[in-house]
Amino acid sequence: MDGLWNLLQTIWYQLTFKAQPLPDEVRLDGLTAVELASHGLSRLILAVRDPAEGEAAKDEIAREAPECDIQMWSLDQESWPSMIAFAERARTELNRLDIVLLNAGLKRLEFTRSPTGHEAHVEINYLGTALLALLLVEPLRQTARQTGKPGRMTITASSVAFGVSTRDIEMPQGGMGILAWLDDPASFVPDISRYCLSKLLDVQWMRAIAPRLDPADVIVNTLNPGYCRSSFHRVDPRAETVSNYLAWSSAEVGYHLTDAVVQHPDSHGAYLSEQRIRPVSKFVSSPKGREIQRKLWDETIALFREECPQANIEEFTRGE
């Protein structure tokens, strides 16, 4: 029943809600969106896996903000060394880091394994995002203590997180942990459910890391950016068809992303949708959901310590 209600809500908001750009009086620098070009961007770091796509994005932003210092940095969320190197570069080369938008995403309908050995949605959408969230706290915090303003970190989730079956994370099979079971091809159904589940993991990770951060240093939240008309759905013909009737434009989705990383100073640990703080699902906020959240945190930290011991996440392992 919750899944049906979530679907009806999504359709309603896609048809009726009109996203608003940032107010003209907002002046910002160092933010990651074309929509912010009119708000005084001074430096933008584009984290790219494909240099050709990065160049296209850079050219588009440069047309809107010719005075912006646009830099392309290599980042592969299927490589632990790449993520560690990216975060270390941010820590040592940038004189300030105000905002981090963790927006990488993958959607496939078949089981594929990442070079790290993990199922691809788990690796890119969840584990890569989770590791970067840990590693980029320190440069955000350093800037906050210099400027007196909290850094901002936003993790892109989706409303589909609240309509997916939670069976695989509540009852992993074969005596496995959550992540080990999700890496098993036997757990995979050839539809969009794994993508949806990976977004639920993102919500739970954000809710797990938020209490471990001081919001005076870093405000972390997550958001539903809405159903976007883009090439993201190219592997899913049904979704592409639906997007012709329901999807928002890339610009409208950009309004949601920039709203989440700039506005809502009271959104630490919160989920945003339609540019406002919204409640999470009953499962996420339930005792069972909180238990799964704790297990997921423990398993994820243990995985990072084993597979990428060079990652500096010591502050998040104290008191284990």
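**Helix packing in a predicted model**

So, helices H3 and H4 cross in a right-handed way. Before I go on, please keep in mind that this is a predicted model. The axes of that pair come within 10 Å, at a crossing angle of roughly 30 degrees. Anything under 35 degrees counts as roughly parallel, so that is what we call H3 and H4. If you want to click on the contact, on the H3 side pick Trp80, Met83, Ile84, Phe86 and Ala87. Their partners in H4 are Glu123, Leu127, Gly128, Leu131, Leu132 and Leu135.

Okay, let me zoom out for a second. The protein has 12 helices and seven strands. Of its 320 residues, 51% are buried. And if you take contacts between residues at least 6 apart in sequence, 73% of them join residues at least 24 apart.

Back to H4, which has another partner to show you. How do H4 and H8 cross, left-handed or right-handed? Right-handed. Their axes come within 8 Å and cross at roughly 15 degrees, so H4 runs roughly parallel to H8. H4 brings His121, Val122, Asn125, Tyr126, Thr129, Ala130, Ala133 and Leu134 to this contact. From H8 you get Arg194, Tyr195, Ser198, Lys199, Leu201, Asp202, Trp205 and Ile209.

Now H12, residues 287–307. With 21 residues at 1.5 Å each, H12 should span 30 Å, and the end C-alpha atoms are indeed 30 Å apart, so the two agree. Which residues of H12 are buried? Gly289, Ile292, Gln293, Leu296, Trp297, Thr300, Ile301, Leu303 and Phe304. Look down the helix axis and those buried residues fall within an arc of 165 degrees, so they line one face of H12. Here's the textbook bit: an α-helix has 3.6 residues a turn, so residues three or four places apart point the same way. Flip to the face of H12 turned away from the buried side, and you find the exposed residues Pro287, Arg294 and Glu306.

What covers the buried residues of H12? The cover includes H3 (80–93) and H4 (120–135) from the start of my talk, and also H8 (193–209). H6 (167–170), H7 (178–182) and H11 (282–285) are part of it too.

While we're on H6 and H7, have a look at Pro172, in the loop between them. Pro172 is partly exposed, at 23% relative accessible area. Setting aside neighbours within four places in sequence, Pro172 touches Arg167, Gly177, Ile178 and Trp181. Its C-alpha is 8.0 Å from that of Leu182, which sits 10 residues away along the chain.

Last stop, the loop between strand S6 (271–273) and strand S7 (276–278), where Glu274 sits. Glu274 has a phi near 55 degrees, a positive value in a residue that isn't glycine. Gln275 is in the loop between S6 and S7 as well, and its phi is near 60 degrees, again positive in a non-glycine residue. Are these two buried or exposed? The cut-off for buried is under 20% relative accessible area. Glu274 has 6% relative accessibility, so it counts as buried. Gln275 comes in at 15%, so it counts as buried too.

Methods. Residues are numbered from 1 along each chain as its sequence is written. This is a predicted model: local features need pLDDT of at least 70, side-chain atom pairs count only at pLDDT 80 or more; totals for chains, interfaces and linings use all residues. Side-chain values use heavy atoms; hydrogens and water are left out. Helices (H or I, at least four residues) and strands (E, at least two) are DSSP runs, numbered from the N terminus. The expected span of a helix is 1.5 Å times one less than its number of residues. Buried means under 20% relative accessible area, exposed over 50%, partly exposed in between (1.4 Å probe, protein chains only). The arc is that of the directions from the helix axis to the C-beta atoms. Contact means heavy atoms within 4.5 Å. Axes are lines fitted to C-alpha atoms, for helices over the stretch in contact, and angles run from 0 to 180 degrees between N-to-C directions. Angles under 35 degrees count as roughly parallel, over 145 as roughly antiparallel, 65 to 115 as roughly perpendicular and the rest as oblique. A crossing is left-handed if the near helix is turned anticlockwise from the far one by less than a right angle, and right-handed if clockwise.
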